[in-house]
Amino acid sequence: MNWQETVNFDLWGNSSSQYAWVLVIFIGLMILFKVFSSVVLSKLRKASEQTETDIDDFLITLVKHIKPPFYFVVSFLISVQFLSLSEIIEAIIFGSFVIIVVIQIVLTLQKVIDYIIKKRLLKPGEDFDPDEEAIIRLAGNVSKAAVWIFGGLMVLSNIGVDVTSLIAGLGIGGVALAFAFKSVLEDVFASFSIFVDKPFRIGDFIGVSDKEQGIVEKIGIKSTRLRTIEGHELVMANKALTDSALMNYRSKGERKVSFMLGVTYETSLEKLKKIPGLISDIVEKNPNTKPVRVVFKQYADSSLNFEVVFAIDLKGGVNRFYVQNDVNYEIFEVFQRENIDFAYPTQTLFVQKNQTN
């Protein structure tokens, strides 16, 4: 056999020249992809130097994240189109191509999800407690799992597997699991609702009734823990909180206190007019309080009632009950000094004497 016969051969129905062209095309495509990747990275780097946003830096990361096997498989699939191959080999090549491409897409989407989570957690001007961070990361993991499941179904569909019956079977199993874990899933979805809508945060004083209220200490995946006025821990299901008419007493880190204060009808007009100023001075002198309003509210059956409203600054772990206690003592002391009498339930009986001629 001479060199010409060695060079000119047929293998699996394809001539040596065809294989040579395939090799040239394959090498050319690999070089083209490499050049394209370098050019794109260079453009993105120049753009990132002129902008303050980190989106272009993220795009650079995505381009770098494209693995060499992806370029190899794409180049190989395009080049072998010039060859005559059996159906089995074509199916193997196409299946490998689909798997590599889907894996690359899924990995890229994972990077996008991680970027979104990172941006959400590192959002300037907002502090995250560990429970909120856990909810965000749980949502990210669920999203990644969904992407992998969708990618797996795409691969199976492209290699000839009937995914319709598979999805139907998974749907029946999913319904059964949903019924089995109905209450748990409801609380989990409620936790997402609490995180997105933010009806309350850690440190807020909330309540759904007179007995079920307290300071929020922890927002979990299934339940929220409150610290009641008595100091007990109250654990409430997240769904119970989202389904109820919730009262949130938060107001810029403050808690407003409101009560009625009654004095006797024998109090003079001069002293009545002094009462709002006296109480406002007491509230202003306390470092943890500020007045909202003190007004002569009503004529009651046995008292002249003043409505007193003031705000307590809860920052720094201030206990509102001790603050209110101090204010009440001060009011009592000032009223004694000013000879202003507190009213209490009384009844006055007027007797008219009948005069006889």
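Buried means under 20% relative accessible area. Keep that cut-off handy for the exercises below, and remember that this is a predicted model.

**Exercise 1. Get an overview of the chain: how many helices and strands does it have, and what share of its residues count as buried?**

Solution. Start with the secondary structure: the chain has 11 helices and 10 strands. Next, look at burial: 31% of the 357 residues count as buried. Then turn to the surface, where the accessible area comes to about 23900 Å², with 61% of it belonging to carbon and sulfur atoms.

**Exercise 2. Work out the strand order of the open sheet that has three strands, and find its edges.**

Solution. Step one is the order: β8-β10-β9, with antiparallel pairing. Step two is the edges, which are β8 and β9 (289-299), since each pairs on one side only. From one strand to the next, the twist averages 20 degrees.

Step three is to check the pairings. Between β8 and β10 there are 10 bridges, and Leu-261 stands opposite Phe-306 in β10. Between β9 and β10 there are nine bridges, and Lys-290 has Ala-311 as its bridge partner in β10.

**Exercise 3. Decide whether strand β8 is enclosed or open to the outside, and find which helices lie across β8, β9 and β10.**

Solution. Count the buried residues first: in β8 (residues 254-263), seven of the 10 are buried, so the strand is largely enclosed by the rest of the structure. Now for the helices. Helix α10 (residues 269-285) lies across β8, β9 and β10, at about 160 degrees to β9. Helix α11 (residues 320-337) also lies across these strands, running at about 30 degrees to β8.

**Exercise 4. Place Glu-307: which strand holds it, and is it buried or exposed?**

Solution. Find the strand first: Glu-307 sits in β10 (residues 304-313). Its relative accessible area is 13%. Because buried means under 20%, Glu-307 counts as buried.

Now look around it. Leaving out residues up to four places away in sequence, Glu-307 touches several residues, among them Ser-258, Phe-259, Met-260 and Val-294. Arg-293 is also one of those it touches, and the side chains of Glu-307 and Arg-293 are joined by a polar contact of 3.2 Å.

**Exercise 5. Find the order of the open sheet that has five strands, and say what joins β3 to β7.**

Solution. The order is β6-β5-β4-β3-β7, again with antiparallel pairing. The edges are β6 (233-237) and β7 (247-248), each pairing on one side only. Two bridges join β3 (residues 205-207) to β7, and Gly-207 has Met-247 as its bridge partner in β7.

Definitions and conventions
Residues are numbered from 1 along each chain as its sequence is written. This is a predicted model: local features need pLDDT of at least 70, side-chain atom pairs count only at pLDDT 80 or more; totals for chains, interfaces and linings use all residues. Side-chain values use heavy atoms; hydrogens and water are left out. Helices (H or I, at least four residues) and strands (E, at least two) are DSSP runs, numbered from the N terminus. Buried means under 20% relative accessible area, exposed over 50%, partly exposed in between (1.4 Å probe, protein chains only). A polar contact is a pair of N or O atoms within 3.5 Å; within protein, one must be able to donate a hydrogen and the other to accept it, and residues adjacent in sequence count only if both atoms are side-chain atoms. Contact means heavy atoms within 4.5 Å. Two strands pair if DSSP finds at least two bridges between them. Accessible areas come from the Shrake-Rupley method with a 1.4 Å probe; for residues, only the protein chains shown count as cover. Axes are lines fitted to C-alpha atoms, for helices over the stretch in contact, and angles run from 0 to 180 degrees between N-to-C directions.
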